[in-house]
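Visitor: Please take a close look at one part of this model and describe it in detail. I would like to start from a single residue and the helix that holds it, and then go on to the charged pairs and the backbone.

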Amino acid sequence: MNENIDDFLKTLTILYVEDDSDAREQLARFIERRSGTLITAENGISGLKAFLEHKPHIVITDIQMPIMDGLDMAYEIRKIEQTVQIIVITAFEQTDYLMRSIDIGVNKYVTKPTSPEKLNTALQDCAHRLYAEDQLERTRQALQNAMKAAEAANIAKSEFLANMSHEIRTPMNGIIGMTGLLLDTDLTPEQRQYAEIVRASGESLLGLINDILDLSKIEARRLDMETLDFDLRTMLEDITDMVAASAHEKGLELTCLVEPDAPSLIQGDPGRLRQVIVNLIGNAVKFTPAGEVLIRVFLDAEAVNSVTLRFAISDTGIGIPPERIGAVFSPFVQADGSTTRKYGGTGLGLAICKQIAEMMGGQIGCDSKPGEGSTFWFTAVFTRQPEKNVSAVYDLADMTGVNVLVVDDYGANRLLLTTLLKGWGCRCDEAPDADGALTKLHQAIRDNDPFKIAIIDMSMPGMDGKTLGAHIKATPQLADTLLVMITSLGQRGDVAGLEAAGFAGYLTKPVRRSQLHDCMALALGRTRQIPVADNRIITRHTVTESRKRRIRILVAEDNHTNQEVALAFLKKFGYHADAVAHGGEAVAALQHLPYDLVLMDCQMPIVDGYTATRRIRDPKSGVLCSDIPIIAMTANAMPGDRRKCLDAGMNDYLSKPILPNELAQVLDRWLQKAFADSDGVGDPICGVSHGQDTEIVFDSKALMERLMGDADLARRLLVGFIGDIPTQIRRLKEYLENGDLSAAQRQAHTIKGAASVVGADALKMLASEMEQSAKSGYQADVAEALPGLDEAFMNFRHTLEQEGWVPESENDTDPSLLETSERKSL
């Protein structure tokens with residue numbers, strides 16, 4: 001070590017201050033051999049100047065010197081530099097010198113006569129300190145460099161993952177979406193088998209991509225958690241709907257029960273919560289060959305504004321050996337890790353669930369017995385939503401006192417249904433089989449308190465639900481009982497058969513709270529203005545189909561394949577939808593038609609989704625509803641992508657490939673207010689309703705009133721307007737291209753006046769806004785509105801043709817007007 005210190009000393013600069021020239025010369029020769037650079041000074045003033053100029057590592061100084069003594073100089077040096085090592089030399093062993101030296105922070109105190117050995121020991125001690133500090137600084141610098149390199153690597157990794165995510169997800173959207181549509185067509189058995197393999201493989205690959213991305217985010221500490229308002233019960237119903245098919249294909253009972261004291265409206269990260277629950281339910285279904293899967297949610301603890309919920313997913317599956325339970329939450333580990341294992345998978349899911357549960361302030365664990373089943377549980381902390389949100393949670397019809405019988409051989413299903421019914425104020429009883437049900441039905445008649453409704457499971461041992469229903473309807477004393485069938489998996493033809501058997505309603509498991517309630521309300525005649533044909537069986541589609549026909553959705557997507565997928569999905573869901581190719585067209589479309597929701601791709605040419613959303617949210621944009629729900633669609637799936645969408649003003653987020661179930665869930669969530677409006681209940685989803693206040697494309701009534709009912713004159717005016725307006729719009733474009741805002745203002749005024757005469761209200765309003773923008777000097781705003789003006793005119797012409805006011809023609813309009821109208825309608 002001393003050899004290292006000696007070598008280290010030879011790299012240092014030393015300042016030696018001594019007023020005695022002989023003593024200075026004698027020690028200087030010794031110090032010079034030991035140091036890298038030696039600087040000398042004859043008093044404190046010159047020593048201080050030398051220190052400021054050369055910044056030495058060690059200062060050796062005599063105390064008693066003229067002008068400025070050594071301790072005064074050391075005091076000034078120590079104020080400038082804390083790490084410099086200071087050695088004082090004195091012939092006087094005075095206590096006050098020693099105390100001053102300690103106060104100043106002198107490192108070594110050497111008494112005269114000064115021998116080389118004494119001085120060498122002092123130099124060695126000071127060098128040791130400097131060497132340690134040097135090594136510490138090197139280590140700190142190395143750590144800083146390593147952290148910078150790691151951060152750079154993380155950034156590069158994140159950018160790579162973002163790019164790969166986008167590049168992989170975009171074609172995956174087409175593969176999975178188009179395969180799903182292909183499976184809905186008529187195929188031979190062999191073709192269907194091949195298509196199903198393609199879809200299953202695509203979904204498996206997508207799941208693997210998602211798991212790897214999430215694990216990478218967790219490792220990089222970039223897994224974002226958000227705080228959003230959501231309805232816990234609705235989310236769980238969506239999840240059970242999503243996995244119901246795979247459960248029922250294996251003959252499993254799937255039940256979800258939220259205890260009554262668990263709040264519905266909470267704040268947290270619904271996407272991450274959904275991810276954990278879906279993973280645990282998926283595993284339960286995967287590892288359960290027969291029996292049931294039960295999801296239960298309990299209130300674990302509560303504070304003033306927060307609640308801790310406990311989620312438990314139980315199954316009757318293969319179970320896990322005790323020695324393997326702890327390991328299953330580690331990455332790439334499965335309970336059966338052999339190469340011959342029966343069940344596939346990467347083993348990433350539970351590791352990701354563990355991380356997410358801990359990020360939500362909770363824990364995760366498992367209780368299991370091999371051969372009997374498992375219960376995976378986790379806890380999470382959420383914030384209660386504000387009271388104003390809770391007070392308006394559900395507008396349910398009053399069913400207080402309605403007597404209901406629940407018939408199901410599975411206790412978990414009976415518990416779920418009776419819990420829901422009691423929550424609505426119903427009186428209810430239960431029976432595990434048909435014999436028990438008939439006994440209770442007859443007893444209720446004898447007690448003069450008959451059951452109004454019987455909710456019956458289809459698949460029961462002995463007498464099945466359909467046979468029981470037929471028996472009830474065939475018994476005169478019981479025939480007035482309203483029957484609702486609950487089945488694990490609906491089959492084609494069920495509705496007709498059950499309707500013929502006298503059933504009033506038919507729902508598939510897992511039963512959604514809202515569907516069961518509305519089904520019962522409809523059956524009881526309490527329809528809340530929901531139209532239903534007389535004597536027709538009520539299904540889960542009855543309540544929503546008539547509503548959906550009034551909903552209009554706009555899809556903004558530049559990729560043609562993705563457009564086709566989205567439009568096809570929406571058509572299958574029963575919605576009317578239009579598509580545009582970029583954000584500018586989306587804004588223009590929203591200026592003229594009262595859409596209820598927008599599906600907005602984020603990356604589009606000309607105007608991207610973020611920019612388009614910000615324009616829509618601007619009250620001055622001219623759109624009919626600046627608060628319209630906008631759902632982002634993006635192939636990016638990295639941290640911050642969702643936040644970027646929300647910051648731009650979007651309401652929700654779908655990552656590509658867009659899966660039908662996920663799309664349906666998002667639509668249900670954001671169109672509830674529109675559904676309420678279509679029933680005449682509640683406020684419109686936007687400031688513009690679908691009734692009389694909606695902006696009118698063609699006001700034929702006003703036109704005929706102005707012309708005193710002269711239809712022939714009206715037709716001549718309309719034909720002339722249709723022939724002349726393309727020229728007027730072309731002139732407006734030319735004025736803008738030449739920068740002549742004054743002429744553009746006059747031209748917009750001309751178009752406005754002409755549109756007003758013929759009742760083209762939407763066209764008139766847009767022309768008026770362009771006139772005002774031109775008058776205010778906003779040329780860019782006028783230019784941006786031009787595509788909308790083209791489209792408003794085409795909508796007007798199309799309306800006239802449909803209503804028979806003008807003859808239909810393929811291309812009697814200036815082709816330039818069609819360039820911005822690549823809108824595709826379903």
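Guide: The starting point is Met99, which sits in helix α5, residues 95-104. The model is a predicted one. Met99 has a relative accessible area of 44% and is therefore partly exposed, since that class lies between under 20% for buried and over 50% for exposed. Together with Leu98 and Ile102, Met99 makes up a nonpolar patch on the surface, and the three share about 280 Å² of accessible area.

Earlier in the chain, two helices pack against each other. Two packed helices are described by the angle between their axes and the distance between the axes. For helix α3 (residues 44-54) and helix α4 (residues 70-80), the angle is about 20° and the axes are 9 Å apart. Angles under 35 degrees count as roughly parallel, so α3 and α4 fall in that class. Their crossing is right-handed.

The loop between α3 and β3 (58-62) contains Lys55. Most residues other than glycine have a negative phi, and most peptide bonds are trans. Lys55 has a positive phi, near 50°. Asn448 also has a positive phi, near 60°. Asn448 is placed in the loop between α13 (434-446) and β15 (453-457), and with a relative accessible area of 68% it is exposed. As for the peptide bond, the one from Lys112 to Pro113 is cis, with omega near -5°. Pro113 belongs to the loop between β5 and α6.

Next come the charged pairs. Side chains of opposite charge can pair when their charged atoms come close. Over the whole structure, 21 salt bridges are found. One of them joins Asp125 to Lys108, with 2.9 Å between the closest N and O atoms. Asp125 is in helix α6 (residues 116-183) and Lys108 is in strand β5 (residues 108-111), so this salt bridge ties together parts that are 17 residues apart in sequence. Asp125 is partly exposed at 27% relative accessible area, and Lys108 is partly exposed at 23%.

A salt bridge within one helix is formed by Glu358 and Lys354, whose closest N and O atoms are 2.8 Å apart. Both residues lie in helix α10 (residues 349-359), and their spacing of four residues is about one turn of the helix. Glu358 counts as partly exposed at 42% relative accessibility, and Lys354 counts as partly exposed at 28%.

Lys733 and Asp790 meet through their side chains in another salt bridge, at 3.2 Å from N to O. This pair links distant parts of the chain, with Lys733 in helix α24 (residues 711-737) and Asp790 in helix α27 (residues 779-802), 57 residues apart. Residues under 20% relative accessible area are classed as buried. Lys733, at 16%, is therefore buried, and Asp790, at 2%, is buried as well. Salt bridges with shared partners also join Glu18, Asp62 and Lys112 into one network.

Helix α27 also holds Ala783, which is partly exposed at 37% relative accessibility. The C-alpha atoms of Ala783 and Lys733 are 7.9 Å apart, although 50 residues separate the two along the chain.

Methods
Residues are numbered from 1 along each chain as its sequence is written. This is a predicted model: local features need pLDDT of at least 70, side-chain atom pairs count only at pLDDT 80 or more; totals for chains, interfaces and linings use all residues. Side-chain values use heavy atoms; hydrogens and water are left out. Patches are made of residues with over 30% relative accessible area and no salt bridge: like charges are joined within 9 Å, nonpolar side chains (Val, Leu, Ile, Met, Phe, Trp, Tyr) within 5 Å. Accessible areas come from the Shrake-Rupley method with a 1.4 Å probe; for residues, only the protein chains shown count as cover. A salt bridge is a side-chain nitrogen of Lys or Arg within 4 Å of a carboxyl oxygen of Asp or Glu. Helices (H or I, at least four residues) and strands (E, at least two) are DSSP runs, numbered from the N terminus. Buried means under 20% relative accessible area, exposed over 50%, partly exposed in between (1.4 Å probe, protein chains only). Axes are lines fitted to C-alpha atoms, for helices over the stretch in contact, and angles run from 0 to 180 degrees between N-to-C directions. Angles under 35 degrees count as roughly parallel, over 145 as roughly antiparallel, 65 to 115 as roughly perpendicular and the rest as oblique. A crossing is left-handed if the near helix is turned anticlockwise from the far one by less than a right angle, and right-handed if clockwise.
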